[in-house]
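Hi,

Here is the structure I promised to pass on to you. Have a look at it first, and then read my notes below.

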Amino acid sequence: MSSAPLDPQDYEDFRVFLEQSCGLVLGENKHYLVTSRLSRLMGEFSVNSVAELLHLRKAGGRSGLRERVIEAMTTKETYWFRDVFPFDILKNQIFPEQAKAGANLLKIWSAACSSGQEAYSISMAVSEFQQARPGTLKNVQITGTDISAAIVSDARAGRYDSLAIARGLSPERRDRFFTRDGEHWTLRPEIKARASFREFNLLDSYTLLGRFDVIFCRNVLIYFSAENKRDILARMAQSLNPGGYLFLGASESMANYSNAFEMVRSNPGVVYRKR
Ligand SMILES: C[S@@+](CC[C@H](N)C(=O)[O-])C[C@H]1O[C@@H](n2cnc3c(N)ncnc32)[C@H](O)[C@@H]1O
């Protein structure tokens with residue numbers, strides 16, 4: 001199957017659709033990216049070109065196509081204990097603070113959680129903290145959300161192949177927190193039980209999610225417009241309890257997007273605290 005070149009108007013319509021539906025900003029000349037990511041859907045939707053697929057999407061022609069197109073266009077890259085420092089800040093600063101304050105319940109949101117590595121790394125950090133400080137942080141709830149139904153289902157399963165398991169996870173943590181079945185590794189119930197997952201678009205209202213003490217929003221806003229970044233950060237500030245913390249990706253910053261947070265420097269890394 002070959003893919004005909006994209007007509008400039010089709011490309012522009014698709015660019016607008018993507019930004020409005022999931023926030024993703026496509027540059028002007030990303031025809032190759034669109035073609036390479038969407039061509040894998042051609043067989044599934046019985047079309048002969050990406051242009052045809054875009055027309056079908058625009059016509060609202062096929063159930064599930066809109067979601068599958070968004071899934072194909074978004075980047076799902078993730079791994080265990082990504083950037084390391086957020087998990088060290090949790091264990092060395094935020095968890096001790098909460099334990100000292102005698103917090104009954106700690107609520108953590110992994111926004112744009114992909115296949116769950118971030119949420120479950122947080123849960124492993126909780127177990128490690130509890131081992132060092134028995135009797136503390138007994139009630140931690142981690143909510144993982146992502147726009148992709150398929151990836152949320154993977155996260156919920158908590159089962160990973162050998163390739164995924166090796167990325168960022170030490171053999172010690174792997175053996176302690178997973179059980180092996182053949183080529184796959186399944187999380188132990190203790191780690192899984194703290195996390196729940198649901199489909200959720202960051203452009204939608206956060207009111208029904210409730211309030212959190214810590215939010216991880218990493219490696220997703222980097223794809224969004226300045227306007228959406230400002231709006232999302234303002235709404236995340238409203239979703240945090242007083243003094244709550246927000247982690248961004250290692251290559252992302254708050255610069256000019258929000259003054260609702262103060263930067264707390266750690267060595268290494270930074271976290272943002274709600275003012
Ligand atoms: C690169 S991954 C980051 C995963 C994890 N936070 C990390 O840093 O390792 C980005 C995730 O954002 C999700 N995503 C993209 N747009 C979204 C939106 N509008 N709402 C919620 N999730 C979105 C994608 O499906 C993908 O799983």
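Which residues have the most contacts inside the largest nonpolar core? They are Ile108, Ile215, Cys217 and Leu246, in a core of 55 residues. Please keep in mind that this is a predicted model. Helix α6, which spans residues 117–132, gives this core its largest share, namely seven residues. There is also a second, separate core, made up of 12 residues, with Cys22, Leu38, Val50 and Leu53 among them.

If you would like one residue to start from, try Leu246. Leaving aside residues up to four places away in sequence, Leu246 touches Ile215 and Cys217, along with Met236, Leu240, Phe261 and Tyr272.

Next, the domains. The domain assignment splits the protein chain into domain 1 (8–73) and domain 2 (85–274). Eight residues from domain 1 and 11 residues from domain 2 take part in the contact, and the C-alpha centres of the two domains are 30 Å apart. On the side of domain 1 that touches domain 2, α1 (8–22) and α4 (65–73) each provide at least two residues, with α4 giving the most, three residues. By class, that side of domain 1 has four nonpolar residues, three charged and one polar.

Finally, the ligand. It is surrounded by 23 residues, of which Thr78, Ala112, Ser114, Ile147 and Leu202 are the closest. The shell around the ligand is mixed: nine of its residues are polar, eight nonpolar and six charged.

Happy browsing, and best wishes!

Methods
Residues are numbered from 1 along each chain as its sequence is written. This is a predicted model: local features need pLDDT of at least 70, side-chain atom pairs count only at pLDDT 80 or more; totals for chains, interfaces and linings use all residues. A residue is near a molecule or strand if its C-beta atom, placed from the backbone, lies within 6 Å of it. Ala, Val, Leu, Ile, Met, Phe, Trp, Tyr, Cys and Pro count as nonpolar, Asp, Glu, Lys and Arg as charged, and the others, Gly among them, as polar. A nonpolar core is a set of buried Ala, Val, Leu, Ile, Met, Phe, Trp, Tyr and Cys residues joined through C-beta atoms within 7 Å. A residue is buried if 20 or more other C-beta atoms lie within 10 Å of its own, exposed if 12 or fewer, and partly exposed in between; C-beta atoms are placed from the backbone. Helices (H or I, at least four residues) and strands (E, at least two) are DSSP runs, numbered from the N terminus. Two residues are in contact if their C-beta atoms, placed from the backbone, lie within 7 Å. Domain bounds come from an automatic or database domain assignment.
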